[in-house]
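Student: Before we discuss any labels, could you put the model in front of us, so that each term can be set against its definition?

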Amino acid sequence: MGGMDIAVIAFVVLVVLVLFAGIKTVPQGYLYTVERFGRYTKTMEPGLNLIIPFIDRIGAKMNVMEQVLDVPTQEVITKDNASVSADAVAFYQVLNPAQAAYQVAHLENALLNLTMTNIRSVMGSMDLDELLSNRDAINDRLLRVVDEAANPWGIKITRVEIKDIAPPTDLVEAMARQMKAEREKRAQVLEAEGARNAQILRAEGAKQSAILEAEGQREAAYREAEARERLAEAEAKATRMVSEAIAAGDVQAINYFVAQKYTEALASIGTANNQKIVLMPMEASSLIGSLGGIGAIAREVFGDGQPPGSPRPRQSTPRTGPAANSSETTS
């Protein structure tokens, strides 16, 4: 092998080395910056890329995937001078690799200190009660402030979350006592309101019951008065009819009227609850005579079943009084 062959082999090897030096592969999720003589020139995308060997070189390898930044626990003094411990977690993503590589040194450390200082400033401007009850508001304020501060670095802060807020032990005990007292007060208030509502409902029920009872009594009195009025009208009409019959010379109407009242009086005496023995200082023949008068009236009104014009049997009217007794004794 002559010197010419060795030179050709050396040239081929040099070309291969140059080609390998100029071919760069960028993995997915990363962006590489390219520097020419120490100055940034371009950003290589994921995949196969070519650079000029010995002139260009890889500057910074930036991870453009969303990353997590764990913020350690720190002491925070609130607006009302209460000391609490708080820790957080932040999520960020590199949007501009050139700015992230050349605008700030030690990017992760810068983001960590930026988040910690803003946590102290935001939480320190709030009272303890507001701090414990408005965690979402704290997260929103932290996200807005930190994202605005990191924007010149080509960084997007996607989320900032407060993981835990721990007040001192004695403060937690005092808060527990306060919460217990507040709950007892609310329970007493609710119990008093329940008792008041129950009394109101009972009073309303009694009122409605009294109103309905009064309306029922008024309706009953109205109906009773109406019934008495109808009864009085019927009595007046009957009395008028009897009077007209008497004026017309019908003696049987008197017998019917007297017999009806006589029978009603005897029925009332006989059905009395406090009477076991009824003494009647009157002759039974009087009642029989009255009943006979009622029968005669009925035969005159409805007929006795005999053909018209036939003679009717003569009614013997029982005699009353001392004469009847004497005739019966004589016979």
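**Helix 5 and an aromatic pair**

Tutor: In this predicted model, the buried residues of helix 5 are I138, N139, L142, V146, D147 and A150.

Student: What makes these buried residues line one face of the helix?

Tutor: Viewed down the axis of helix 5, the directions to its buried residues stay within an arc of 145°, so they line one face. In general, an α-helix has 3.6 residues a turn, so residues three or four places apart point the same way. The face turned away from the buried side carries the exposed residues R144 and E148, while the cover over the buried residues includes helix 3 (107-124), helix 4 (128-133) and strand 8 (155-166).

Student: How do you know that the length of helix 5 agrees with what its 16 residues should span?

Tutor: At 1.5 Å a residue, residues 135-150 should span 22 Å, and the end C-alpha atoms are 22 Å apart, which agrees.

Student: Why is the aromatic pair of Y40 and Y102 called tilted?

Tutor: By the rule applied here, the count is 1 aromatic pair. The ring centres of Y40 and Y102 are 5.7 Å apart, which is within the 6.5 Å limit, and their planes meet at 55°, neither under 30 degrees nor over 60, so the pair is tilted. Because Y40 lies in strand 3 (residues 39-44) and Y102 in helix 2 (residues 97-102), the pair ties together parts that are 62 residues apart in sequence.

Student: Why does Y40 count as partly exposed, and why does Y102?

Tutor: Y40 has 33% relative accessibility and Y102 has 37%; buried would require under 20% and exposed over 50%, so partly exposed is the class in between.

Conventions: Residues are numbered from 1 along each chain as its sequence is written. This is a predicted model: local features need pLDDT of at least 70, side-chain atom pairs count only at pLDDT 80 or more; totals for chains, interfaces and linings use all residues. Side-chain values use heavy atoms; hydrogens and water are left out. Rings of Phe, Tyr and Trp (its six-membered ring) pair if their centres lie within 6.5 Å; planes under 30 degrees apart count as stacked, over 60 as edge-to-face and the rest as tilted. Helices (H or I, at least four residues) and strands (E, at least two) are DSSP runs, numbered from the N terminus. Buried means under 20% relative accessible area, exposed over 50%, partly exposed in between (1.4 Å probe, protein chains only). The expected span of a helix is 1.5 Å times one less than its number of residues. The arc is that of the directions from the helix axis to the C-beta atoms. Contact means heavy atoms within 4.5 Å.
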